[in-house]
Amino acid sequence: GQILQRLFKHEESIEALDNALKLQPYNPEYLEARAKSMAAVGRVGQALEDRERSLELRLKAQHYSLKLS
């Protein structure tokens, strides 16, 4: 997905990241990358949703990491 972004193939990137998220739905990096491609093709609402979800997942991971310390 991210390689396709660098080639400005955002629709293909979104499709690749959709597939990756089916395998790893809680991967914040995939959500963040998909948000960038969504924004690039004008799907701003969906981009914001992915960005928000990515941030939520990162905060939860940080929270659990602190609890284990």
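## How α2 and α3 pack

Let's start with a pair of helices. The axes of α2 and α3 come within 9 Å of each other and cross at roughly 155°. An angle over 145 degrees counts as roughly antiparallel, so that is how α2 and α3 run relative to each other. The crossing of α2 past α3 is left-handed. Keep in mind as you look around that this is a predicted model.

Which residues of α2 and α3 meet? On the α2 side they are His 10, Ser 13, Ile 14, Leu 17, Asp 18, Ala 20 and Leu 21. On the α3 side you'll find Tyr 30, Leu 31, Ala 33, Arg 34, Ser 37, Met 38 and Ala 40. Two of these α3 residues, Ser 37 and Arg 34, get a visit further down.

## The whole chain

Now for a step back. The protein chain has 4 helices and 0 strands, and from the N terminus on its elements simply read α-α-α-α. If you draw a box around the C-alpha atoms along the principal axes, its sides come out at roughly 40 × 20 × 20 Å.

How much of the chain is buried? Of the 69 residues, 29% are buried. As for contacts, take those between residues at least 6 apart in sequence: 42% of them join residues at least 24 apart.

## A tour of α3

Helix α3 covers residues 28-40. Its 13 residues, at 1.5 Å a residue, should span 18 Å, and the C-alpha atoms at its ends are indeed 18 Å apart, so the expected span and the model agree. At the N-terminal end, Asn 27 acts as a cap: one of its side-chain oxygens sits 2.9 Å from the backbone nitrogen of Glu 29. Just past the other end of α3 comes Gly 42, with a positive phi of about 85°.

Several α3 residues are tucked away from the surface. The buried ones are Pro 28, Leu 31, Glu 32, Ala 33, Arg 34, Ala 35, Ser 37 and Met 38. That list takes in charged and polar names such as Glu 32, Arg 34 and Ser 37.

## Two buried residues of α3

Is Ser 37 buried or exposed? Ser 37 belongs to α3, and its relative accessibility is 0%. Buried means under 20%, so Ser 37 counts as buried. Leaving out residues up to four places away in sequence, Ser 37 touches Gln 5, His 10, Ser 13 and Ile 14. With Ser 13 there is also a polar contact, side chain to side chain, at 3.1 Å.

Arg 34 is another resident of α3. Its relative accessible area is 16%, so Arg 34 is buried as well. With residues up to four places away in sequence set aside, Arg 34 touches Gln 5, Ile 14, Leu 17, Asp 18, Leu 21 and Asp 50. Gln 5 and Ile 14 therefore turn up as neighbours of Arg 34 and of Ser 37.

## The loop before α2

Between α1 (2-6) and α2 (10-23) there is a loop, and Phe 8 lies in it. What is the phi of Phe 8? It is positive, about 60°, even though Phe 8 is not a glycine. Most residues other than glycine have a negative phi. Phe 8 is also exposed, with a relative accessible area of 68%.

## Ala 16 in α2

Ala 16 sits in helix α2. Its relative accessibility is 29%, so it counts as partly exposed. Ala 16 touches Gly 1 and Leu 4, again not counting residues up to four places away in sequence. Ala 16 and Gln 2 are 14 residues apart along the chain, and their C-alpha atoms are separated by 9.0 Å.

## Along α4

Helix α4 takes in residues 44-68, Ala 61 among them. Ala 61 has a relative accessibility of 47% and so counts as partly exposed. From Ala 61 to Gln 46 is 15 residues in sequence, and 23 Å in space from C-alpha to C-alpha.

Glu 49 lies in α4 too. How accessible is Glu 49? Its relative accessible area is 56%, which means Glu 49 is exposed. The C-alpha atom of Glu 49 is separated by 22 Å from that of Ile 3, a residue 46 places away along the chain.

Notes: Residues numbered from 1 in each chain as written. Predicted model: local features only at pLDDT ≥ 70, side-chain atom pairs only at ≥ 80, totals over all residues. Heavy atoms only, no water. Helix = DSSP H or I, 4+ residues; strand = E, 2+ residues; numbered from the N terminus. Buried < 20%, exposed > 50% of the residue type's maximum accessible area, 1.4 Å probe, protein only. Expected span 1.5 Å × (residues − 1). Polar contact = N/O pair within 3.5 Å; in protein donor to acceptor, adjacent residues only side chain to side chain. Contact = heavy atoms within 4.5 Å. Axes fitted to C-alpha atoms, helices over the stretch in contact; angles between N-to-C directions. Parallel < 35°, antiparallel > 145°, perpendicular 65-115°, else oblique. Left-handed = near helix turned anticlockwise from the far one by under 90°.
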